[in-house]
Amino acid sequence: MFEPGLIEKFKELKTPFYYYDLELLKRTLQEVKVHGIDKGFHVHYAVKANFNVELLKIIRQSGMGVDCVSGPEIERAVETGFSPSQIAFAGVGKTDDEIRTGLKHNIFSFNCESLQELEVLNGLAEKEGRTASVSIRLNPNVEAKTHRYITTGLNENKFGITIEKLPMLFSILPELDHLKLTGIHFHIGSQITELKPYYDLCEKVEIVQRLFEKEGHKLQHINVGGGYGINYLEPDAEPIPDFKAFFQVFEENLTLRKNQQLHFELGRSVVGQCGSLISRVLYIKEGLETNFAVLDAGMTELIRPALYQAMHRVDSLTSNMSPKMYDVVGPICESSDTFRQGVWLPELRRGDLVAIRSAGAYGEVMSSGFNLRERIRSYYSDFAKSTL
Ligand SMILES: *Cc1c(COP(=O)(O)O)cnc(C)c1O
């Protein structure tokens, strides 16, 4: 991923910064196209994983739609050229303003997460003289086998409507005459690396679908969300997730009704591997148990390790000396501001460059201004696109 010429270029740049390999992104999108879109599936890119405009433009060209979780994400998607007919809008806490943004653009689907939200949406749609297309987000109570902060499909999670509440839904729906029920939606979690949870989800979809049919509701689409994981341990061995295996689970285990569309919402699996956080070693400090490599990037640039105990591979870009063991840490006054503990890396010195890998999803977009840190810059493999 990092040829010598590129590393020479990095040396001239002020660190830290995000670097995006647009060629890898394009190859990843091609796999989604071949195994998903070309099979007739509708794939929405989850904008929250990375709302960077340069990436969005490339993603748009692949024929994907988008999944948004805020009004500003809807606006950005429209500005970047996505058609509102390809925009799904999810979120447990949509504000009235955000709902109005969706109504104004006449988006493909409001993925509603509570009975009260349906009532509010109906009222706002009535005021605007519109009918909103609605998909009901259901909580399938499926174990996603991922970190508990990023599992979303269990009864104890705040997301979606539980299946037990469906009779209530069916009783209020007829009164909500500014809503058009078009589908059902699920999203069970993130960084899911086994296929088993998706098999379980397929079973639940069938059960739920029958409950809707029994009430006379024909569903135009089924949306099974996203959450497919990436290989954080060995990004170079698996730069593109196995989309064939992923889509196949649904192809083989879901019984779609006539003319029914199947929708997906993929975030991390699309953009995760194409981004790296490039940082310089500020100081080497020899501790009693370990050596600390103190970087100029920290949790303010990439919060995943501090937030979900996430593991990112750290590669040395400029040292090829014999290995030593390090705790690779950031400069922020929080002990959780640690990228890796006890990792073997070629001996590092002040000024050496490292790449924190697989940082394309939930990296740059979760960066913060804590400590009044400067906003993180980004560069692209096509350097002409970079904002220098
Ligand atoms: C975050 C999110 C996604 C994307 O999740 P990934 O793990 O990045 O694929 C899809 N759908 C919804 C509703 C989400 O909130």
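A salt bridge is a side-chain nitrogen of Lys or Arg within 4 Å of a carboxyl oxygen of Asp or Glu. Keep that in mind and select Arg377 and Glu374: their side chains meet in a salt bridge of 3.3 Å, N to O. You are looking at a predicted model, and this pair is a good warm-up for the tour.

**Stop 1: the charged pairs**

How many salt bridges does the structure hold? The count is 19. Now select Glu206, Arg210, Glu213 and Arg257 together. Salt bridges that share partners join these four residues into one network.

**Stop 2: two helices tied together**

Next, select Lys104 and Glu75. They form a salt bridge in which the closest N and O atoms are 3.2 Å apart. Colour helix H5 (residues 96–105), where Lys104 lies, and helix H4 (residues 71–79), where Glu75 lies; the pair therefore ties together parts that are 29 residues apart in sequence. Glu75 has 24% relative accessibility, so it counts as partly exposed.

Stay here and add His105, which is also found in helix H5. Is His105 buried or exposed? With a relative accessible area of 17%, His105 is buried, because buried means under 20%. Draw a distance between the side chains of His105 and Glu75 to find a polar contact of 3.1 Å. To see what else surrounds His105, show Ile74, Glu75, Val78 and Pro84, its contacts once neighbours within four places in sequence are left aside.

**Stop 3: two domains**

Zoom out and colour the chain by domain. The domain assignment gives domain 1 as 4–16 + 273–387 and domain 2 as 22–271. Their C-alpha centres lie 32 Å apart. Where they touch, 23 residues from domain 1 and 26 residues from domain 2 take part in the contact.

The size of an interface is often given as the accessible area lost when the parts come together. Here, domain 1 and domain 2 bury about 2,300 Å² between them, with 55% of it on carbon and sulfur atoms.

What polar links cross this boundary? There are 11 residue pairs in polar contact between the two domains, counting pairs with both residues at pLDDT 80 or more. Select helix H11 (304–308) and strand S17 (377–380), the elements that give two or more residues to the side of domain 1 that touches domain 2. H11 supplies the largest share, three residues. Taken by class, that side of domain 1 has eight nonpolar, eight polar and seven charged residues.

**Stop 4: the bridge between the domains**

How many salt bridges are counted between domain 1 and domain 2? The count is one. To see a pair that reaches across the chain, select Asp236 and Arg357: they form a salt bridge, and the closest N and O atoms are 2.9 Å apart. Asp236 lies in the loop between strand S9 (221–223) and helix H9 (243–253), while Arg357 lies in the loop between strand S16 (353–356) and S17, so the pair ties together parts that are 121 residues apart in sequence. Check the surroundings of Arg357 too: this residue is buried, with a relative accessible area of 3%.

Now add Asp315, which lies in strand S13 (residues 314–316). At 14% relative accessibility, Asp315 counts as buried. Its side chain makes a polar contact of 2.8 Å with the side chain of Arg357. Another polar contact of 2.8 Å joins the side chains of Asp315 and Arg313. Not counting residues up to four places away in sequence, Asp315 touches Asp236, Leu353, Val354, Ala355 and Arg357.

For a sense of scale, measure from Asp315 to Arg210, a member of the network at Stop 1. These two residues are 105 residues apart in sequence and 50 Å apart in space, C-alpha to C-alpha.

**Stop 5: backbone details**

Finish by following the backbone. Select Thr15 and Pro16, which are joined by a cis peptide bond with omega of about -5°. Pro16 is found in the loop between helix H1 (4–12) and strand S1 (17–20).

Then go to Gln191, in the loop between strand S8 (179–185) and helix H8 (196–214). Gln191 has a positive phi of about 55° although it is not a glycine, and at 15% relative accessibility it counts as buried.

Last, select Tyr362, in the loop between S16 and S17. Tyr362 has a positive phi of about 55° although it is not a glycine. With a relative accessible area of 10%, Tyr362 is buried.

Note on methods: Residues numbered from 1 in each chain as written. Predicted model: local features only at pLDDT ≥ 70, side-chain atom pairs only at ≥ 80, totals over all residues. Heavy atoms only, no water. Domains from an automatic or database assignment. Contact = heavy atoms within 4.5 Å. Buried area = accessible area lost by both parts, 1.4 Å probe. Polar contact = N/O pair within 3.5 Å; in protein donor to acceptor, adjacent residues only side chain to side chain. Helix = DSSP H or I, 4+ residues; strand = E, 2+ residues; numbered from the N terminus. Nonpolar A, V, L, I, M, F, W, Y, C, P; charged D, E, K, R; others polar. Buried < 20%, exposed > 50% of the residue type's maximum accessible area, 1.4 Å probe, protein only.
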